[in-house]
Amino acid sequence: MPLRDSLAGRMTGLTFLVFGLGLMVWAWLEVGREVLAGVRHRLIRMTVLWSLPLLLAPPLFSRDAWSYAAQGALVAKGFDPYTVGPAALSGRVVEAVDPMWMNTPAPYGPIPLAYGGLAAQVTDNPYVLMLAHRGLALLGIVLIAWAVPKIAVACRVDPSVATWLVVANPVLITHGLGAAHNDVLMLGLACSAFAVALTGRWGTAAVIAGTAAAVKAPGGLVVIAIAAVMSPLAGRALQRLASLAIAGVVSVLTLVTVGELTGIGSGWLNALDVPGLVMSPLSIANLIGLGTSGVLNWLGAEDAAQQALQLIRLLGILTALGLIAVLGLRSHIHQAARAVGVAMLAVVLLGPTAHDWYFLWCLPFLAVARPGRRLMTALVGVSMILTIAAPLNSSLRGAVIPILVTTSLVLVVVGTLLGRLRTLQPARAPRSPRPAVPDAALSAVAAVPPPHPHPQQS
């Protein structure tokens, strides 16, 4: 009997997996201690070596990549992926799709679907189609590796520290590349838009932001940073509002144009609520809503319980939108990266659902926001936990013994590594020259005092 068909075999595999992820995090923390102390490492080379074993592996910790393959096959066969789900197909291409998504429309933008359709015209092999989508994730990582150091230098953050915290991050490697999530391409385009905006090419940056939104909608939030570069002084509300309007219109026009050029259209906007079918406990709105709904159910008010859940999730979305509006109008240029990071985090925590890899949305922007000890510890700590706890995904739902065993292993490994986490300290600002930025933006950035040798907690 194969090991995977027995409980003992699966538990053995999970044990090796959790401890293997723990070793990866331990190595990452050790490199981070040296990088923060000023020791130079070939971080890109290290990231490549850590990523190589995953390039041909099946998807890790998520079955979304199989859905990508099936949705691409829908496009190739002439179906509208925004009105029908993978259940309209038959054969190998749908065998590994999560049953939850078999009858749901695609919530993704036209770029991954058009790309998937082109790939499906070449082959109907689901494994090869999955590898094609992993190629998009790989492209996203390349864009992140190019953009993050440039943004970091402009924000007076050591680019080596930012590269270690973002590009070499185990969450990006395991969840992003290993699971082949299209979030990584969205993020790479969003980071590139910010980096391009810092060179003064605001129109190009807005087009790239629209392209990021054409992968997944949250990518468009980078227009907050683009507008901050266009009008560095946030106190001038009308000027900032005009900048936001210009960048937003260009991004939306790009988004619509991409949909028309690919023939996919914009029907995905009607399917943005599909991810909300998962009641993720990582969403604050879900936690409050489920708690309130549970109390009302216990009191016998079943209709009110369902309405309360929907109302609280709606309030979460409205709160996130309000926070995004404030950040867009009030953030100075040197706060632009933090503003985008906080906006992304608000969408994740206050939105209708949140998966562990959604943490990647805010990571690059918070990593270059001159993080103090608290923020650095939070980013590293969350990265450590989400990596080691990655096996606790939907594939274990209902499996009580594997969940309990895996949770115990995760607690042991995380507890062992907590000592290493406490030794991490933010580094001093780099002395390397900044990239070219617009005169107004450069003046605003230059007005920011350099970090203190012993940075305050933030």
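In this predicted model, pairs between aromatic rings join Trp357, Tyr358 and Trp361 into a cluster. Within this cluster, the ring centres of Trp357 and Tyr358 lie 5.9 Å apart with their planes at 85°, and the pair is therefore classed as edge-to-face, since angles over 60 degrees fall in that class. Trp357 counts as buried, with a relative accessibility of 7%, and Tyr358 likewise counts as buried, at 6%.

The count of aromatic pairs comes to four. One of the pairs is formed by Tyr68 and Tyr108, whose rings meet edge-to-face with 5.3 Å from centre to centre and 85° between the planes. This pair links distant parts of the chain, as Tyr68 belongs to helix H3 (residues 64-76) whereas Tyr108, 40 residues apart from Tyr68, lies in the loop between H3 and helix H4 (110-122). Tyr68 has a relative accessibility of 3%, and because this value is under 20% the residue counts as buried; Tyr108, at 11%, is also counted as buried.

A further feature is the packing of two helices. Helix H8 (residues 183-197) and helix H10 (residues 223-230) pack with their axes 9 Å apart and at an angle of about 0°, which means that H8 runs roughly parallel to H10. On the H8 side the contact involves Ala193, Phe194 and Ala197, which meet Ala225, Ile226 and Val229 of H10. By residue class, the contact of H8 with H10 is made up of six nonpolar residues, with no polar and no charged ones.

Note on methods: Residues numbered from 1 in each chain as written. Predicted model: local features only at pLDDT ≥ 70, side-chain atom pairs only at ≥ 80, totals over all residues. Heavy atoms only, no water. Phe/Tyr/Trp six-rings, centres within 6.5 Å; stacked < 30°, edge-to-face > 60°. Helix = DSSP H or I, 4+ residues; strand = E, 2+ residues; numbered from the N terminus. Buried < 20%, exposed > 50% of the residue type's maximum accessible area, 1.4 Å probe, protein only. Axes fitted to C-alpha atoms, helices over the stretch in contact; angles between N-to-C directions. Parallel < 35°, antiparallel > 145°, perpendicular 65-115°, else oblique. Contact = heavy atoms within 4.5 Å. Nonpolar A, V, L, I, M, F, W, Y, C, P; charged D, E, K, R; others polar.
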